[in-house]
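I opened the structure to take notes on one chain and its contact with a neighbour. The entries are short.

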Amino acid sequence: MRSQFWGLYVREILRTFRNPFVLLITVVQPFMWLAFFGSSFGNVPGGTATLKALFGTGNYIAFLLPGVLSTSMLSVGMFGSMSTIQDKRFGFMKRILITPTSKQLIFLSKALGSASRGLVQIPVMVVAALAFGVSFSLSPLEWAAWVGALLCLAIGFSSLFLAVTAPSTDWQTPGVVSNFITMPLMFASSSMFSSSQFPGWMQAIAKVNPISFSALLGRSFVLGTPPDWTYLGYLAAFAGAMLALGYGVSARWLKVE
Amino acid sequence: MSLAEGGAAIDVRELSKRYGSVDRGVLALDRVTLRVANGTVFGLMGPNGAGKTTLIKVLTGISDITSGDASVAGFDVRRESLKVRARIGWVAAEVILDDDFSGWENLWLQAKLQALDDWQERANDLLKYFSLDDRKDDKVGHYSTGMRKKLEIALALLHQPSVIFMDEPTIGLDVATRRMLWDIVTGVHKEFGVTVLLTTHYIEEADALCERVGIIDQGRIIAVGSPDELKARVRADLVVLETRNGLDPKLLSSLPGVQDVRAQGNEWIIRVASAEQLLPKLLQTVPSDEVRRISVEKPSLETVFLDLTGHRIGQEEPMRDVRKFYAQMRRART
């Protein structure tokens with residue numbers, strides 16, 4: 001079981017790093033968020049004072065970075081689903097399953113493989129944020145907790161995507177699911193703005209949205225405010241629940257071709 | 001039950017497979033019963049859509065069984081699927097490899113999937129056997145079709161399986177590559193002592209490679225035997241007469257030596273003891289302006305199939321299953 005998981009997991013990772021285009025998009029997409037969206041408050045009336053009043057920091061990119069990293073974990077799930085559909089369409093799923101490998105192991109390797117791929121974005125984004133003038137004074141424990149939070153989020157979303165797309169063999173499904181999930185989860189979260197300015201119904205969603213937990217935890221580390229460590233527990237529970245969901249769904253509904 | 005006790009590498013009993021619901025679905029396999037002896041090359045011959053690939057899918061655990069029983073390598077396909085999958089190899093109709101990986105990396109992945117510890121020596125031996133050792137570090141995306149097929153067979157043999165399933169292994173290949181693969185299948189069987197079940201709709205392939213052949217049509221096994229046994233069943237020539245308009249079958253049946261007459265559109269399949277004796281009389285009886293084409297077929301697996309089913313192996317029914325159509329298009333492209 002360990003052997004099969006390791007083989008499939010390494011395959012996922014190697015396929016990513018051997019495809020420069022996928023790697024480039026994985027890295028460039030959140031960077032563009034920082035560059036374009038992060039710069040949109042450059043000429044806000046009142047300057048730094050307004051930014052501090054709105055975001056608790058004079059550098060909006062410092063506020064935005066944990067949110068962008070959190071929302072980018074959504075696209076990680078989409079890539080994992082696309083890789084699974086590719087395996088189904090080209091028959092590789094059959095090749096895997098005509099060995100003593102279970103569907104659940106395939107799911108686990110895809111979920112953890114795409115989650116690991118998502119973590120590549122962290123160092124790139126941190127370096128980019130440094131270039132935009134953000135300074136970091138995190139302790140090793142805070143770095144580890146931030147990475148752990150993002151890993152939980154990536155595992156949760158890649159599991160959710162894989163569970164939803166398990167019965168599908170259509171190339172379009174991951175994109176459609178991504179559009180359906182990404183937009184509401186991204187905007188109904190604290191990833192880009194403080195949820196205190198949201199209407200009541202959006203605040204209700206933001207309060208249970210795992211993207212908010214990850215964004216708020218990361219933001220407290222970056223801005224040096226006291227972190228709410230329970231967020232890490234919520235994110236671990238989210239990852240665990242989605243893994244259990246995907247594990248069960250793939251055993252029953254993962255289509256072979 | 002162990003393989004030694006059972007004596008059969010593959011044992012299929014009253015196996016049916018239905019896709020979809022009872023009223024609107026398709027019965028792809030209809031109470032198939034089949035026994036493949038250990039250490040033989042068995043060919044499953046039939047036209048596209050006959051149920052060959054479905055049978056392989058069921059026996060390899062890719063598809064569920066609707067009813068009936070099957071065991072492979074001594075293990076029940078339903079209840080002991082993982083044990084079956086640890087003892088079988090599979091060669092697909094379309095070559096399925098990871099093109100981003102080298103030949104050696106594909107073997108590494110296969111070893112991981114089969115949970116093998118000491119696989120490197122065996123992998124090197126297989127690469128040498130298939131003359132791929134000097135290209136093992138190249139990405140398989142750069143391999144020729146023949147090399148890809150060889151690597152796929154090497155993957156199937158890596159874990160020393162008892163049974164290898166080859167699903168139309170030579171479909172879409174040129175004549176030279178097909179001949180090379182025939183030599184490989186024969187060599188693999190002799191060298192590694194493995195039972196081979198291959199499906200094909202090439203008559204000459206079944207004739208050249210298989211010790212025993214099962215003829216499958218519309219989901220049913222209609223005959224099983226060695227190629228010679230099957231040919232001996234016909235014991236007659238088949239004269240195929242195509243006419244411009246209809247004919248009275250009694251006219252043909254009354255000719256001396258005619259054993260049977262079957263109509264298929266404007267084509268008449270006349271079973272006769274000796275085609276040479278029939279032809280002069282046939283041409284005297286049927287007006288010459290009525291005859292569009294006459295052909296004579298001596299006993300072969302093709303005539304066996306024609307005799308048993310009333311249609312030719314390459315004569316397919318209209319495509320009703322869209323998924324099957326796309327699958328065939330994909331195969332044709334590779």
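My notes on chain B follow, from overall build to contact side.

I noted beforehand that this is a predicted model, where local features need pLDDT of at least 70, side-chain atom pairs count only at pLDDT 80 or more, and totals for chains, interfaces and linings use all residues. Residues are numbered from 1 along each chain as its sequence is written, while chains are lettered from A and ligands numbered from 1 in the order in which they are written.

**Overall build.** I looked up the extent of chain B: its C-alpha atoms fill a box of roughly 75 × 40 × 40 Å along the principal axes. I found 13 helices and 14 strands in chain B; helices (H or I, at least four residues) and strands (E, at least two) are DSSP runs, numbered from the N terminus.

**Domains.** Chain B has domain 1 (3–87 + 161–230) and domain 2 (236–298), with bounds from an automatic or database domain assignment. Their C-alpha centres lie 36 Å apart.

**Contacts within the chain.** I took two residues as in contact if their C-beta atoms, placed from the backbone, lie within 7 Å. Among contacts in chain B with a separation of 6 or more, 71% join residues 24 or more positions apart.

**Side facing chain A.** How many residues does each chain bring to the contact? I read 17 residues from chain B and 19 residues from chain A. On chain B, α3 (81–85), β6 (88–91) and α4 (103–113) each supply at least two residues. The most come from α4(B), with three residues.
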